[in-house]
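Good morning, everyone. Let me walk you through one model, strand by strand. Please have a look at it first.

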Amino acid sequence: QVQLVESGGGLVQAGGSLRLSCAASGRTFSGGLMGWFRQAPGKEREFVAAITWSGGNTYYADSMKGRSTISRDNAKNTVYLQMSSVKPEDTAVYYCAASHTIVPLTTRREWEYWGQGTQVTVSS
């Protein structure tokens with residue numbers, strides 16, 4: 001009954017920007033958090049960013065600090081990831097994730113729900 005749908009992926013030139021969206025249906029996550037992971041071919045899925053639904057506290061992977069912003073729209077039950085100064089190494093499938101409780105952010109198996117993913121390709 002919980003579904004996460006990502007959008008906003010696509011092809012972007014290095015140095016450019018894009019915004020990813022994740023719309024959640026079903027139960028809300030007011031007591032937990034939502035975030036983003038990414039996975040490149042042959043690589044492990046890695047944590048990107050997260051935000052607590054109630055307080056809006058944000059957390060970022062070191063590679064994202066200074067060039068990404070995670071935000072949420074409570075009315076739309078949607079989380080966004082604004083990326084700027086993108087690099088070819090940002091190329092990956094980006095997955096939206098959510099949990100009704102606060103979980104260890106970087107531990108993939110702790111998150112309850114996952115979206116289908118959206119492809120981001122950065123050209124050099």
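Start with strand β1. This is a predicted model, by the way. β1 has two faces. Leu4 and Glu6 make up the covered one. Gln3, Val5 and Ser7 make up the uncovered one.

Now, who does β1 pair with? β1 is joined to β3, and the two run antiparallel. Five bridges hold that pairing. Take Glu6, from the covered face of β1. Its bridge partner in β3 is Cys22.

Next, β3 itself, residues 18-25. How many bridges pair β3 with β8? Six, again in the antiparallel sense. β8 covers residues 78-83. One pair to find on your screen: Ser21 has Tyr80 as its bridge partner in β8.

Let's put the sheet together. Four strands form an open sheet, in the order β1-β3-β8-β7. The pairing is antiparallel. Which strands stand at the edges? They are β1, residues 3-7, and β7, residues 68-73. Each has a single partner strand, so one side of each is left without a neighbour in the sheet. As for the twist, neighbouring strands here are turned by 15° against each other on average, ignoring direction.

Last topic: the core. The largest nonpolar core has 34 residues. Which of them touch the most other members? Met34, Trp36, Leu81 and Tyr94. Several elements give two or more residues to this core. From our sheet, β3 and β8 are among them. The list also includes β4 (33-39), β5 (46-52), β9 (92-99) and β11 (118-123).

That's my tour. Thank you.

Methods
Residues are numbered from 1 along each chain as its sequence is written. This is a predicted model: local features need pLDDT of at least 70, side-chain atom pairs count only at pLDDT 80 or more; totals for chains, interfaces and linings use all residues. Side-chain values use heavy atoms; hydrogens and water are left out. Two strands pair if DSSP finds at least two bridges between them. Axes are lines fitted to C-alpha atoms, for helices over the stretch in contact, and angles run from 0 to 180 degrees between N-to-C directions. A nonpolar core is a set of buried Ala, Val, Leu, Ile, Met, Phe, Trp, Tyr and Cys residues joined through side-chain atoms within 4.5 Å. Buried means under 20% relative accessible area, exposed over 50%, partly exposed in between (1.4 Å probe, protein chains only).
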